[in-house]
Amino acid sequence: IETLVRDLQRLYRAGDHSLKPTEACYVGWIVALQRSKISDAPEQAERILMQVWKDAEHDDFYPSSVLYNASMNAWARRGHAERAQILLHHMFRAYLEVSYETCLPARPFISTLIFALIIAALVV
């Protein structure tokens with residue numbers, strides 16, 4: 001998935017605007033990481049999210065709440081509630097301070113955070 005998304009990015013930036021990576025590409029990449037046994041999967045998921053922010057203006061694509069939730073889930077599945085909460089705060093700031101409507105938090109984010117807290121409690 002990573003290779004496919006990177007190829008799409010490269011081709012889009014080279015001028016083929018019919019091959020613009022979509023949110024589903026990034027979410028699919030993060031979900032694959034979530035479900036993997038890769039030890040640094042949550043870190044990689046968060047890096048993808050932050051890279052999308054970094055490239056947002058150039059690529060004309062901004063992260064949405066769906067992309068945030070996928071990244072939060074990567075942390076939650078490993079019992080890292082504090083990291084999931086940090087991403088939730090980041091998403092709230094994007095919505096409130098920068099007015100990105102696509103970052104409007106919804107019920108699934110609270111569920112993700114509760115899931116992370118439960119997993120963290122079980123790990124301890």
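**Helix packing in a predicted all-helix chain**

Leaving aside residues up to four places away in sequence, V5 touches P21, C25, Y26 and W29. This comes from a predicted model, and V5 is a handy place to start looking around. The residue is found in helix α1. With a relative accessibility of 1%, V5 counts as buried, because the cut-off for that label is anything under 20%. One of its partners is Y26, which lies 21 residues away along the chain, yet the C-alpha atoms of V5 and Y26 are separated by 7.3 Å.

Now for the wider view. The chain has six helices and zero strands, so reading from the N terminus on, the elements simply go α-α-α-α-α-α. Of its 124 residues, 41% count as buried. Contacts that reach a long way along the sequence feature too: among contacts with a separation of 6 or more, 62% are accounted for by residues 24 or more positions apart.

Helix α2 is the next stop, since Y26 and W29 from the V5 contacts both turn up again here. The helix covers residues 23-34. Its twelve residues reach 16 Å from the first C-alpha to the last, close to the 16 Å expected at 1.5 Å a residue. The buried residues in α2 are C25, Y26, V27, W29, I30, L33 and Q34. What do the buried residues of α2 pack against? They pack against α1 (2-13), α3 and α4.

The pairing of α2 with α3 can be looked at in more detail. Two packed helices are described by the angle between their axes and the distance between the axes. For α2 and helix α3 (residues 41-59), the axes come within 9 Å and cross at roughly 165°. Angles over 145 degrees count as roughly antiparallel, so that is the label for α2 and α3. The crossing in which α2 passes α3 is left-handed. On the α2 side, the contact is made by Y26, W29, I30 and L33, while α3 brings A41, Q44, A45, I48 and V52. Sorted by class, the residues of this contact are eight nonpolar, one polar and no charged. The spacing along α2 fits a general pattern. An α-helix has 3.6 residues a turn, so residues three or four places apart point the same way.

Helix α3 also packs against α4. The axes of α3 and α4 come within 8 Å and cross at roughly 160°, which means that these two helices are roughly antiparallel to each other as well. Their crossing is left-handed. From α3, the contact takes in P42, E43, A45, E46, L49, V52 and W53, and from α4 it takes in L67, Y68, S71, A74 and W75. This contact has nine nonpolar, one polar and two charged residues.

That leaves α4 itself. Helix α4 (residues 65-76) has twelve residues and spans 16 Å between its first C-alpha and its last, close to the 16 Å expected at 1.5 Å a residue. How much of α4 is buried? Eleven of its twelve residues are, so the helix is largely enclosed by the rest of the structure. The buried residues are S65, L67, Y68, N69, A70, S71, M72, N73, A74, W75 and A76.

Terms used. Residues numbered from 1 in each chain as written. Predicted model: local features only at pLDDT ≥ 70, side-chain atom pairs only at ≥ 80, totals over all residues. Heavy atoms only, no water. Axes fitted to C-alpha atoms, helices over the stretch in contact; angles between N-to-C directions. Helix = DSSP H or I, 4+ residues; strand = E, 2+ residues; numbered from the N terminus. Parallel < 35°, antiparallel > 145°, perpendicular 65-115°, else oblique. Left-handed = near helix turned anticlockwise from the far one by under 90°. Contact = heavy atoms within 4.5 Å. Nonpolar A, V, L, I, M, F, W, Y, C, P; charged D, E, K, R; others polar. Expected span 1.5 Å × (residues − 1). Buried < 20%, exposed > 50% of the residue type's maximum accessible area, 1.4 Å probe, protein only.
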